[in-house]
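Let's take a friendly walk through a protein chain together. Have the sequence and the 3D view ready, and look for each spot as we reach it.

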Amino acid sequence: MAKNVKQIENPCPVPKGTLLIIGGRENKGQEVKRPEETEKEHRMEILETFVKLVNKKDPVIEVVTTPTSLPEESFSEYKEAFTKLGVKKVGQIHHTVRQQVLDEDLTERIDKADAFFITGGDQLLLTSIYGGTSFLTQLKEKYINSDFVVGGTSAGAMALSTPMIYAGNKEIQQIAGEIKITTGLEFLKDVCIDTHFVDRSRFVRIAQVIATNPTSIGIGIDEDTAIIVRAGAHVEVIGSGLITIIDGFNIKSTNIADFSPTTPIAIRDIRVHLLCAGEKFEIPLTNPPHK
């Protein structure tokens, strides 16, 4: 944690559940394509970890394909991967418009499930369809009150946090005000998740988010890499790539509020940490009553 930032006692309930937040393109059991790659690099480490975190003899996993434009193809891939890992009960939840989730009672599906997994696609679809619904409330209540596991990859990972980036690519990320953020699903608060981090050159855009929201930390996750979040704050890194943590607690100055169509942002004294598999860190709890 940054110097002079006080860790406080958090009055919010500590979640009993676990999050698995994935940077995208996790291995789903693909064949080895290059002879120089090892078996370890191609095993389903991250999805295997997800199943192990569920820790049930005959688990029920629901795959939410709402963010993707190819729901059947995406579900088929994950069902095949989870089946290879010994999971026999894999269901699909998919909505294309908000009215569908308002009309459908998913209480029984949530009650029977041991884990939910959210696919990639468009994170804004997730928040616009599920935000403020009883479905999301029930899902979060189960995550808080039981040993429930929630996983997300790519857009499904970004939506688990708040603030949530929903627009702004690497061509415009250096211009103040060009990165669009909104409220995510809030399984993590005061945390901004960005995925495909190194592969899509997203460092500057998450730095801009943190400059505008210095109470938050940014967590950039490489492809085939993930973080396990226990008790809402205890983080462990797994996978083949890096985790980039950015905090703005000690930012001394920035021109982030000086909007210009041509002038790049400037930020002084932002802190960066790079972590690989096996590393652990604590999400700072500095903004009560947020978890």
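What follows is a short tour of a strand, a cavity, a helix and a few special residues.

This is a predicted model, in which local features need pLDDT of at least 70 and side-chain atom pairs count only at pLDDT 80 or more, while totals for chains, interfaces and linings use all residues. Residues are numbered from 1 along each chain as its sequence is written, and side-chain values use heavy atoms, with hydrogens and water left out.

**A covered strand**

Let's begin with strand β2 (60-64). Helices (H or I, at least four residues) and strands (E, at least two) are DSSP runs, numbered from the N terminus. Five of the five residues of β2 are buried, where buried means under 20% relative accessible area, exposed means over 50%, and partly exposed lies in between (1.4 Å probe, protein chains only). Both faces of the strand are covered, with Val60, Glu62 and Val64 on one side and Ile61 and Val63 on the other.

Which strands pair with β2? One is β3 (residues 89-93), which runs parallel to β2 over five bridges; two strands count as paired if DSSP finds at least two bridges between them. Here isoleucine 61 has valine 90 of β3 as its bridge partner. To get from β2 to β3, the chain passes through helix α3 (residues 71-84) in a right-handed β-α-β crossover. Right-handed means that, with the strands pointing away from the viewer, the path from the first strand over the helix to the second runs clockwise. The other is β4 (residues 115-118), parallel to β2 and joined to it by four bridges. In that pair, valine 64 is matched with isoleucine 118.

**A cavity with a nonpolar lining**

Val64 and Ile118 turn up again in the lining of the second largest cavity, together with Leu126, Tyr130, Phe135, Leu136, Leu139 and Leu185. A cavity is a set of points, on a 1 Å grid over the protein atoms alone, where a 1.4 Å probe fits but cannot get out, and lining residues have an atom within 4 Å of a point. This cavity has a volume of about 40 Å³, a volume being the space filled by probe spheres set on the points, which are joined across faces, edges and corners. Helices α6 (123-130) and α7 (134-145) each give two or more residues to the lining, and α7 gives the largest share, three residues. The lining has eight nonpolar residues, no polar ones and no charged ones. Nonpolar here covers Ala, Val, Leu, Ile, Met, Phe, Trp, Tyr, Cys and Pro; Asp, Glu, Lys and Arg count as charged, and the others, Gly among them, as polar.

**A covered helix and a buried threonine**

Seven of the ten residues of helix α9 (residues 203-212) are buried, including Arg205 and Gln208.

Threonine 195 sits in strand β10 (residues 191-195). It counts as buried because its relative accessibility is 0%. Beyond its neighbours within four places in sequence, threonine 195 is in contact (heavy atoms within 4.5 Å) with several residues, among them Ile22, Ser154 and Arg202.

**Unusual backbone angles**

Two residues other than glycine have a positive phi:

| Residue | Phi | Loop | Relative accessible area |
|---|---|---|---|
| Asparagine 55 | near 55° | between α2 (45-54) and β2 (60-64) | 64%, exposed |
| Aspartate 269 | about 70° | between β16 (267-268) and β17 (271-275) | 43%, partly exposed |

Finally, a cis peptide bond joins threonine 162 and proline 163, with omega about 5°. Proline 163 lies in the loop between β6 (161-162) and β7 (164-167).

Key
On a 1 Å grid over the protein atoms alone, a cavity is a set of points where a 1.4 Å probe fits but cannot get out, and a pocket is an open set with protein on both sides within 12 Å along at least five of seven lines; lining residues have an atom within 4 Å of a point.
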